[in-house]
Amino acid sequence: MKKLTLIATILITAITFSSCSKNGDGDENNFSVKLVSQLVELEDDSASTYTDLFYYDSQNRIIKMDDSWGIMTFDYYSDKVIITENGYEKICHLNKQGYIETLTIGSYTFENHTTESYTCHYTYDANGYMTKMTYESDERGRVEVQCVWSNGDLIRESDGTNYTNYEYTKTVNKTNFDFVAYDAWDAVNDPASYLRTATNELFGKRSKHLIKAVNTYDYGHDGGATFDYELDSDGCPTKITATRIDDGVKYYSIISYK
């Protein structure tokens, strides 16, 4: 579960958040956004633990991530973000709204694992929600994923064959982190889905509430997980327990904040 995809993290370039800044335009959204500084993962069927560290600049944008896959750095420009991972670059081009419009991931080899090269394209509606993502590679060809939103939450992604359905708690996510994207609990997301981990609006608006359950269909296999939380006095998760639907195996995430 830890690395179903390479995990990366980006923050928005046009809109930034801080531990004491207010977010939103209504009572439900009037809160201080907390920045994740460390996340430790444990599995109940393994002695292994994984620790990821997150570093931010003075504008509270992610500038470095240090995890078991290596170090990733982030450089911000007016029309793009460049991510460098183990000496290789990912180029993110932004549209006029400040959202990622195209993203290029070149193929590279790290620790005897060779990644595919991809070009990803993203479409957003007038309200800033991602409605479609398209990616293509030499091995998989062209894949188009449709996104469905309801009441500020992403409830379904489907590529026509595979799909992921999302259910939510009533608790607002007051952090800069997308915990579901971090652990890659999806069946149809594009190769860059991990980039949405701590992105508040670089990939458009993200889901308003903490996830309750994920149900997936991936080439004939049903899967997914349910999620339980321990919250601090600000209502932010300090521990997440994810229970896999198919076999009951539990995964634990311990979160610290800046």
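**Notebook: salt bridges and positive phi values**

I began with Asp-246, which at 45% relative accessibility counts as partly exposed. The model I am working from is predicted.

*Entry 1, the pair at Asp-246.* I looked up the partner of this carboxylate and found Arg-244, with the closest N and O atoms 3.6 Å apart in a salt bridge. Arg-244 has a relative accessible area of 23% and is partly exposed, because the buried class requires a value under 20%.

*Entry 2, the chain as a whole.* I recorded 1 helix and 20 strands. Of the 258 residues in the chain, 50% are buried. I then turned to contacts with a separation of 6 or more, and noted that 47% of them join residues 24 or more positions apart. The accessible surface is about 11900 Å², and carbon and sulfur atoms contribute 45% of that area.

*Entry 3, salt bridges.* My search of the whole structure returned 8 salt bridges. One of them joins the side chains of Lys-34 and Asp-234, with an N to O distance of 3.2 Å. This pair links distant parts of the chain, its members being 200 residues apart. I placed Lys-34 in the loop between strand 2 (31–32) and strand 3 (36–43), and Asp-234 in the loop between strand 18 (221–231) and strand 19 (237–244). Lys-34 is buried at 16% relative accessibility, whereas Asp-234 is partly exposed at 41%. I also noted that Asp-232 joins Lys-34 and Asp-234 in a network of salt bridges.

*Entry 4, Arg-61 and Asp-57.* I examined a further bridge, in which the side chains of Arg-61 and Asp-57 meet at 2.9 Å, N to O. Arg-61 has a relative accessible area of 14% and is buried. Asp-57, at 16% relative accessibility, is buried as well.

*Entry 5, backbone at two asparagines.* I looked up residues other than glycine with positive phi and noted Asn-60, whose phi is near 65 degrees. Asn-60 lies in the loop between strand 4 (49–56) and strand 5 (62–67). Its relative accessibility is 11%, so I entered Asn-60 as buried. I also noted Asn-151, which has a positive phi of about 55 degrees although it is not a glycine. Asn-151 belongs to the loop between strand 14 (141–150) and strand 15 (153–158). I entered Asn-151 as exposed because its relative accessibility is 71%, the exposed class being set at over 50%.

Note on methods:
Residues numbered from 1 in each chain as written. Predicted model: local features only at pLDDT ≥ 70, side-chain atom pairs only at ≥ 80, totals over all residues. Heavy atoms only, no water. Helix = DSSP H or I, 4+ residues; strand = E, 2+ residues; numbered from the N terminus. Buried < 20%, exposed > 50% of the residue type's maximum accessible area, 1.4 Å probe, protein only. Contact = heavy atoms within 4.5 Å. Areas by Shrake-Rupley, 256 points an atom, 1.4 Å probe, with all protein chains shown as cover.
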